[in-house]
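Let us walk through this protein one piece at a time. Keep the model open beside the text and find each element as it comes up.

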Amino acid sequence: LSVKTVIKNIDDFLLKPMGESMFFWNMQFNKDHPEVKGDLEIKPQGTSAVMQKEVLIAGAGVIGCLLGKVLKKKNISFKILEKNSQPFKNPSRTVALTSESIRFLNTVDSQLDLNAWATPVNNMNLFQDAAQALTLDSDQEKISSICALDDLHEKLLNDLNDDISWDTAINSMSNDKLTEVSTSNGNYSGQIIIASDGTSSKIRELSGCNVEEWFYGQKAHVCLVKCQHNNEARQYFSNFGTLALLPLNIEDEEYYSIILCTNITSDPKTQLEQLNEKYNLSFDLTDVNLGDGFELKHSRATKLYENNVILCGDAANTFHPMAGQGLNLGIGDVMFINDNLDDILNLNQPTLDRYSKERSMRNLQMTWIIQSLYGAFGNANELGSLLLKSGMGMLDKMPVVKQKIIDFANRN
């Protein structure tokens with residue numbers, strides 16, 4: 001039972017009957033005193049008081065559910081508002097989790113036990129066109145872990161269904177002492193609202209947060225192909241875009257999760273078939289369906305809070321999937337909130353300023369890395385490609401530097 005349910009039961013089945021009984025007793029034994037006569041309606045306020053301190057979360061995706069797990073673990077009342085009627089599913093979507101993400105997820109919910117079922121990545125090979133340029137590996141057991149996003153989401157949804165209001169689209173919002181939101185499924189109020197409702201965040205829009213964004217002129221397409229992967233991830237760079245291959249184990253079968261980022265005007269199936277031949281990948285693409293894909297853009301909120309609104313995950317920043325860090329940085333946002341929860345819930349100004357500054361700085365670092373990779377590999381001419389291969393070849397012989405790259409990538 002949630003704290004709110006317990007308090008409501010106390011209101012309905014203890015305080016209200018007790019108040020009514022005391023009133024009737026008073027009426028019975030004070031019949032000679034007209035000043036105490038009258039009608040009385042008992043309205044216990046326990047639930048209302050809790051509602052005023054309730055945290056609202058917009059969006060029941062991975063980040064929204066993780067926020068819910070954090071609050072539930074600390075017995076803080078919350079409600080997750082989700083515009084969709086059920087979780088969105090796409091079995092081809094995968095995520096590469098950093099070691100920091102895995103430790104935090106397992107700490108928040110030990111039943112996740114990610115190390116038991118996520119696919120370990122022992123090394124990552126980077127290619128400039130068909131030529132291997134750099135291998136990232138580690139003295140440690142693995143450099144990352146891959147899991148199906150649907151599986152992670154489903155596990156996080158456990159024990160949260162009673163805390164989620166599905167099919168609840170937010171229409172309007174007002175901020176005074178409380179945050180009041182009007183939705184397609186009634187009105188909700190809370191102490192604060194945390195926006196984790198994705199790259200097109202309605203809460204971010206309603207709060208008036210300033211956003212910088214640009215489009216890459218590309219779409220991302222995902223699919224799964226059965227292939228022996230040897231726990232190796234691959235990233236291919238070319239002037240058309242990028243091709244990422246992430247190893248994934250499903251039961252006893254090995255697959256590669258393919259993330260193809262290509263120009264909007266290109267036919268993705270034709271592009272993948274050409275790359276399959278060019279890179280000698282030997283994938284059976286007969287039944288592969290890349291679908292419509294999704295347009296890639298970068299967006300960044302210049303400030304991560306406004307009044308009673310806090311931005312988190314893709315509502316705060318979105319990235320090109322090239323570096324595979326979008327979800328990890330969102331988990332990093334939740335880690336900061338978890339570590340500073342009391343101050344965040346009390347809207348402590350210095351803590352909110354630090355949240356906005358530190359998380360924005362980390363996101364800007366990742367933006368710079370992505371833009372550098374995109375610019376260097378995607379637009380290299382013949383001389384540029386030669387210099388890149390030469391530079392990567394030198395870096396490939398520097399294990400200390402490579403380890404520092406891996407360590408940086410594994411921080412949220």
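**From a strand pair outward**

Asn123 sits opposite Glu232 of strand 14. That is one position in a parallel pairing: six bridges join strand 5 to strand 14. Keep in mind throughout that this model is predicted.

Stay with strand 5, which covers residues 123-128 and includes Leu126. Is Leu126 buried or exposed? Its relative accessible area is 12%. Buried means under 20%, so Leu126 qualifies as buried. Now look across to Arg234. Along the sequence, Leu126 and Arg234 are 108 residues apart. In space, their C-alpha atoms are 6.0 Å apart.

Strand 14 itself spans residues 232-238. How much of strand 14 is buried? Six of its seven residues are, so strand 14 is largely enclosed by the rest of the structure.

Strand 14 has another partner, strand 15, at residues 241-250. Here the pairing is antiparallel and runs over five bridges. Gln235 of strand 14 stands opposite Ala244 of strand 15. Two residues lie between these strands, and together the strands form a hairpin. So strand 14 pairs in parallel with strand 5 and in the antiparallel sense with strand 15. As you trace these strands, recall a general rule. In a regular strand, side chains alternate between the two faces of the sheet.

Next, move to an open sheet of three strands. What is the strand order? It reads 3-7-4, and the pairing is antiparallel. Strand 3 (94-97) and strand 4 (119-121) are the edge strands, each pairing on one side only. From one strand to the next, the twist averages 30°. Four bridges hold strand 3 alongside strand 7, residues 144-148, and the two run antiparallel. To find the register, look for Thr94, which stands opposite Ala148 of strand 7.

Now turn to the helices. Helix 4 covers residues 99-108. Which of its residues are buried? They are Ser101, Ile102, Phe104, Leu105, Asn106 and Val108. These buried residues pack against several elements. Strand 3 and strand 7 are among them. So are helix 3 (62-73), helix 5 (114-117), helix 6 (149-157) and helix 9 (326-339).

Two of those neighbours, helix 3 and helix 6, also meet each other. Their axes come within 9 Å and cross at roughly 30°. Angles under 35 degrees count as roughly parallel, and helix 3 and helix 6 are therefore roughly parallel to each other. The crossing of helix 3 past helix 6 is left-handed. Which residues make the contact? From helix 3 come Val62, Cys65, Leu66 and Lys69. From helix 6 come Leu149, Leu152, His153, Lys155, Leu156 and Leu157.

Finally, step back to the whole chain. The protein has 13 helices and 20 strands. Of its 412 residues, 49% count as buried. Consider the contacts with a separation of 6 or more: 69% of them come from residues 24 or more positions apart. The pair Leu126 and Arg234, 108 residues apart, gives an example of positions distant in sequence and 6.0 Å apart in space. The accessible surface comes to about 20,800 Å², and carbon and sulfur atoms account for 49% of that surface.

Terms used. Residues numbered from 1 in each chain as written. Predicted model: local features only at pLDDT ≥ 70, side-chain atom pairs only at ≥ 80, totals over all residues. Heavy atoms only, no water. Pairing = 2+ DSSP bridges. Axes fitted to C-alpha atoms, helices over the stretch in contact; angles between N-to-C directions. Buried < 20%, exposed > 50% of the residue type's maximum accessible area, 1.4 Å probe, protein only. Contact = heavy atoms within 4.5 Å. Areas by Shrake-Rupley, 256 points an atom, 1.4 Å probe, with all protein chains shown as cover. Parallel < 35°, antiparallel > 145°, perpendicular 65-115°, else oblique. Left-handed = near helix turned anticlockwise from the far one by under 90°.
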